[in-house]
Amino acid sequence: MDSIPMNVSGHFNYWVAIFLMMTGFYVVISRGNLIKKLIGLNLFSTSVFILYISLGKIHGATAPIASETFHLYSNPLPHVLILTAIVVGVATTAVGLALTARIYEQYGTIEEDEIRIKDESL
Amino acid sequence: MELFIDITLLTFLCITALAITVIRKLFCAVMLAGIFSLLSACLFVSMDAVDVAFTEAAVGTGIATVLMLAALNLSHSREKCPPYQPLLALLVVCTTGAVLVYGTMDLPAFGDATAPIHHHVAPRYIEQSQQEIGPPNFVTSILASYRGYDTLAETVVIFTAGLSVVALLGIRDRRGGQSITTDRSAMKGYLVLRVVTKLLLPFIFLFALYVQFHGDYGPGGGFQAGVIFASGVIIHSLTLGRDRTLKAFPQRFLTILATAGVLLYGGTGLAAMVRGGNFLDYSVLGATALAGQHLGIFLVELGVGVTVFASMTLMYYAFSYRKEA
């Protein structure tokens with residue numbers, strides 16, 4: 001249906017969002033530091049938000065607030081879903097950080113492998 | 001021009017994300033994460049999602065960064081080198097990414113007005129929400145009325161998260177300890193900061209109230225207002241000392257506020273049931289359907305704002321008051 005260059009410009013946003021997602025994913029699975037993992041998780045979720053908002057965009061449209069002069073609006077539904085997801089995301093991050101702080105108090109470290117060594121030596 | 005901004009912001013986002021992966025100092029990583037979310041907020045504006053951008057700027061850049069820094073303060077600020085080579089992780093990530101990119105081949109092109117997502121329920125929200133619900137901001141109509149159930153659940157999630165953080169870390173009130181004049185957490189030496197904070201605080205709170213009550217007509221609403229209000233309290237605590245903040249906004253008061261917000265939201269739903277409608281169907285609350293919707297959205301947004309403000313502030317208290325208790 002469409003040629004290759006058309007496809008590239010039409011999917012560029014999605015691919016960059018996926019690249020960012022995978023960067024976050026990589027930080028989560030390859031780093032041992034618990035706070036770094038949480039930063040990676042945040043990176044991952046923000047990239048998912050970018051993907052969702054990209055899907056709701058319409059060329060030549062404006063922000064979804066009713067107006068006399070504009071009649072084409074971007075899709076407001078992804079905006080609603082992501083708006084609440086952002087706040088829920090920070091709430092879960094806060095719980096994760098609280099757990100990390102408690103782990104540090106108990107183990108004296110927030111490195112995954114050091115925690116494992118201490119667990120096995122018990 | 002729009003494409004140029006889009007590509008520039010996405011490039012910056014990629015650079016920031018790669019820098020976060022490489023850097024070992026956690027403090028830098030946290031600051032870079034803040035930059036990442038500020039850049040994504042700019043990207044959201046360019047993609048017409050003004051409400052989302054507002055939330056991301058207030059929550060991702062503001063509150064999340066502050067909480068991360070507070071958690072760093074409670075632990076190490078340097079990441080150790082992992083003892084193994086992360087080749088396997090790289091392989092997993094590349095495979096997942098490739099599968100996802102393959103999946104996007106079926107997606108409609110970016111900005112395509114004929115995409116299925118724009119022809120399902122969205123046209124109804126855009127064409128009829130003004131007659132059915134009222135507010136010119138479609139996002140507010142959907143958030144508070146059409147999808148009120150989701151928002152209620154998310155408010156409960158935030159309330160629960162606030163409770164969990166307090167349960168995990170606890171907030172120790174130093175009664176009869178140091179007096180206010182010897183509070184070490186106050187920035188005594190920074191006269192400019194203290195004066196500017198005092199001057200700015202009324203405007204921060206006023207702006208939060210504007211965002212809360214103007215959410216029907218422009219970008220904004222309970223979520224953003226609650227976070228802005230909480231950031232005002234955080235500035236107060238950082239510059240004037242925790243004892244004065246605890247005096248102005250006691251923990252007990254905030255706990256009651258957080259609960260009251262959720263109850264206000266649920267109570268609005270129940271009130272609609274008592275008046276003969278469905279749960280969270282605000283049309284029966286007023287003389288006309290539109291008046292009822294207006295009142296319902298007002299109460300629900302207020303409940304959201306109060307809960308978000310109280311929960312975020314409680315989380316901040318829990319993190320920042322733990323060390324020197």
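# Chain B and its interface with chain A

Me: What share of the contacts in chain B with a separation of 6 or more comes from residues 24 or more positions apart?

Reply: This is a predicted model, in which local features need pLDDT of at least 70 and side-chain atom pairs count only at pLDDT 80 or more, while totals for chains, interfaces and linings use all residues. Residues are numbered from 1 along each chain as its sequence is written, chains are lettered from A and ligands numbered from 1 in the order in which they are written, and side-chain values use heavy atoms, with hydrogens and water left out. A contact is a pair of heavy atoms within 4.5 Å. Counted that way, the share for residues 24 or more positions apart in chain B is 70%.

Me: How many helices and how many strands does chain B have?

Reply: Both kinds of element are DSSP runs numbered from the N terminus: helices are H or I with at least four residues, and strands are E with at least two. Read from the N terminus, the elements of chain B run α-α-α-α-α-α-α-α-α-α-α-α. The tally is twelve helices and zero strands.

Me: What percentage of the residues in chain B is buried?

Reply: Buried means under 20% relative accessible area, exposed means over 50%, and partly exposed lies in between (1.4 Å probe, protein chains only). The C-alpha trace of chain B spans about 60 × 55 × 35 Å along its principal axes. Of the 325 residues in chain B, the buried ones make up 49%.

Me: Which three residues of chain B supply more of the area buried against chain A than any other three?

Reply: Contact between the two chains involves 95 residues of chain B and 75 residues of chain A. Buried area is the accessible area (1.4 Å probe) that two parts lose on being put together, summed over both; here it is about 7800 Å², with carbon and sulfur atoms giving 76%. The leading three supply 9% of what chain B buries against chain A, and they are B:Asp48, B:Met68 and B:Phe110.

Me: How many nonpolar, polar and charged residues are on the side of chain B that touches chain A?

Reply: Ala, Val, Leu, Ile, Met, Phe, Trp, Tyr, Cys and Pro count as nonpolar, Asp, Glu, Lys and Arg as charged, and the others, Gly among them, as polar. The interface has 18 residue pairs in polar contact, both at pLDDT 80 or more. Helix H3 (residues 50-74) gives the most to this side of chain B, with 13 residues. By class, the side has 66 nonpolar, 16 polar and 13 charged residues.

Me: Why does the salt bridge of B:Glu2 and A:Lys57 count as a pair that joins two chains?

Reply: A salt bridge is a side-chain nitrogen of Lys or Arg within 4 Å of a carboxyl oxygen of Asp or Glu, and these two side chains meet at 3.2 Å, N to O. B:Glu2 is partly exposed at 42% relative accessibility, whereas A:Lys57 is buried at 2%. Over all chains the count is six salt bridges. The pair joins two chains because B:Glu2 lies in helix H1 (residues 2-22) of chain B and A:Lys57 in the loop between helix H2 (34-56) and helix H3 (76-107) of chain A.

Me: Which residues do salt bridges that share partners join into one network?

Reply: Within chain B, B:Glu132 pairs with B:Arg124, the closest N and O atoms being 2.9 Å apart. B:Asp150 pairs with B:Arg147 at 3.0 Å, N to O. The network made through shared partners consists of A:Lys57, B:Glu2 and B:Asp48.

Me: The backbone oxygen of which residue lies 3.1 Å from a polar atom of the B:Thr245 side chain?

Reply: B:Thr245 is in helix H10 (residues 242-248) of chain B and counts as buried because its relative accessibility is 0%. Not counting residues up to four places away in sequence, B:Thr245 touches B:Val233, B:His236, B:Ser237, B:Tyr317 and B:Tyr321. A polar contact is a pair of N or O atoms within 3.5 Å; within protein, one must be able to donate a hydrogen and the other to accept it, and residues adjacent in sequence count only if both atoms are side-chain atoms. The backbone oxygen at 3.1 Å belongs to B:Gly241.

Me: How many disulfides does the structure hold over all chains?

Reply: A disulfide is a pair of cysteine sulfur atoms within 2.5 Å. B:Cys28 is partly exposed at 26% relative accessibility. For B:Cys42, which is in no disulfide, the nearest cysteine sulfur is that of B:Cys14, 15 Å away. Over all chains the number of disulfides is zero.
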